[in-house]
Amino acid sequence: MPVSQNASGAKIWQLRNRNQTLARWAAYLAGVAVFMWCWQRISDATTWFFVWDAPRIAADIGGRAWPPRWSYMDKLWGPLWDTLNMATLGTLLALVMAVPVAFLAARNTTPSATFIRPIALFIIVATRSINSLIWALLLVAVIGPGVFAGLLAIAFRSIGFCAKLLYEAIEEIDPTQVEAITATGASRWQVMAYGIVPQIMPAFAGISVFRWDINIRESTVLGLVGAGGIGLQLQSSLNTLAWPQVTLILIVILAAVVIGEWVSAKVRGAII
Amino acid sequence: MLELKNLSKTYRTGDKALQNVTLTVPKGQVMALIGPSGAGKSTLIRCINRLVEPTSGSVILDGTDVTALGSGALRKMRRKMGMIFQQYALVERLTVMENVLSGRLGYVGFWRSYFRKYPQADVDEAFRLLDRVGLLAMADKRADELSGGQRQRVGIARALIQNPRLLLVDEPTASLDPKTSRQIMRLICELCAERDLAAVINIHDVALAQMFVERIVGLKAGELAFDGKPVEMTEDVLTNIYGEEDWHATIREVDDEDAEAEEPVA
């Protein structure tokens, strides 16, 4: 008991009594023990010779990778454009599919909370839980390699993300505005267009640019599995050990991501 | 014109918000509905246009039983009932003009309303109403740029452009300062008189109600507890509705009107 009395009868207050304090220390001890055990498992599975050797190898590769082969840039403009297209069109396609899913998933707009809402939530979870690289692997196998497979991979992966954030925004709207529009005798679709859509527009715009920004990053690696874009060049350069080209590609990817981030920050700042 | 017959509402939680309320509001009468928080005032108003489905009983407007209507007919019926809200309930991110025109949603089709192609007659009426409530210059402002009193005026214009037969007014002054409250109440009552509209006004401020309306109905725990003229509102009645309290100051103006003629009543 945190409040007790000492011998002279004065009240003493402590945050925890003795047993609670002991329990906390025991919990810390258990945590450290688990960490040590895991560390040992990893250590046993590691070939430490390679790790000690790592700085030398890294320096070796670094030496061969520098300077970047700038002339290779001529061959990168096309794939870079493909990458941007995959990200942008993929995001648009995802939004087109995410909006209805979000309205079906939001508690206050779903036509049926017992049947349709779980289906919508399942779509959200399913598309979100599969990484876009894995979507790309599957789609390359199904529809063949190329930019289109990458575009679809980006789109599928983004549906869940966008729909989830959007349905949360829909659930947080001010219901009295919806009530007021309903009270005018507006139809269901009019209530949506006047009472709900204006309220979620800022969230929608924010989510779109945020996802576009993420997709630029994701689309740069999709080429590794044959889904087109700059990742394809990265993979072939890696395979032929053309390290100066790899450096250039990494610089280009970095620049693309930074520019994408800058654009999305500007757009979000303008909306919110 | 408006008739409530044995209207009851029991929420799913078991709360009996309304119990056997029977009430008639004749054409053109402005009626105030008072009662403590939780007495069922908001529920009563929302049962009339079925934003809340009543559990039993009927609401009859101009001879039509509102509670029996299907969704299409209910939408047509809602056009006849303009509603004004406590927190104004304007669509904050739309302009004043869009908010006023949204009162016509029950009359125009989806695509017309979506592309904001309202009939010219509606636009003319919107300008006339904005002029009437003193906000003509604000037509292009966004609703969230306005002050509380201005927003409530937009809310009034939105209700009136429906060309309603009845106004349902839910705590119109609860978020406003005392002066603006009076102006808004005066405006609502004047407009009702101009257009011969009936109105049911939920209101907390008993003195304000006495100042403007011709009839006061008191609700207590979902049941009718008083129905009479403002002058019949005595301390005993208030004690019955709200519970024991010194009510002298609350209804002073009615009491003192005869006794102290030298004190001007605002």
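Let me begin with B:W111, which is exposed because its relative accessible area is 56%, where exposed means over 50%, buried under 20% and partly exposed in between, with a 1.4 Å probe and protein chains only. B:F115 is likewise exposed, with a relative accessible area of 52%.

Before going on, I should say that this is a predicted model, in which local features need pLDDT of at least 70 and side-chain atom pairs count only at pLDDT 80 or more, while totals for chains, interfaces and linings use all residues. Residues are numbered from 1 along each chain as its sequence is written, chains are lettered from A in the order in which they are written, and side-chain values use heavy atoms, without hydrogens and water.

Turning to the rings, a search of the whole structure gives 11 aromatic pairs over all chains, a pair being rings of Phe, Tyr or Trp (its six-membered ring) with centres within 6.5 Å, stacked if the planes are under 30 degrees apart, edge-to-face if over 60, and tilted otherwise. In one of them, A:F49 and A:F50, the centres lie 5.9 Å apart and the planes stand at 55°, so the pair is tilted; A:F49 and A:F50 are both exposed. B:W111 and B:F115, by contrast, form a stacked pair, with 6.0 Å from centre to centre and 25° between the planes, and they belong to one aromatic cluster with B:F110 and B:Y114.

Finally, a word on chain A, where the domain assignment, which is automatic or taken from a database, gives domain 1 (3–64) and domain 2 (74–271), and the C-alpha centres of these two domains lie 39 Å apart.
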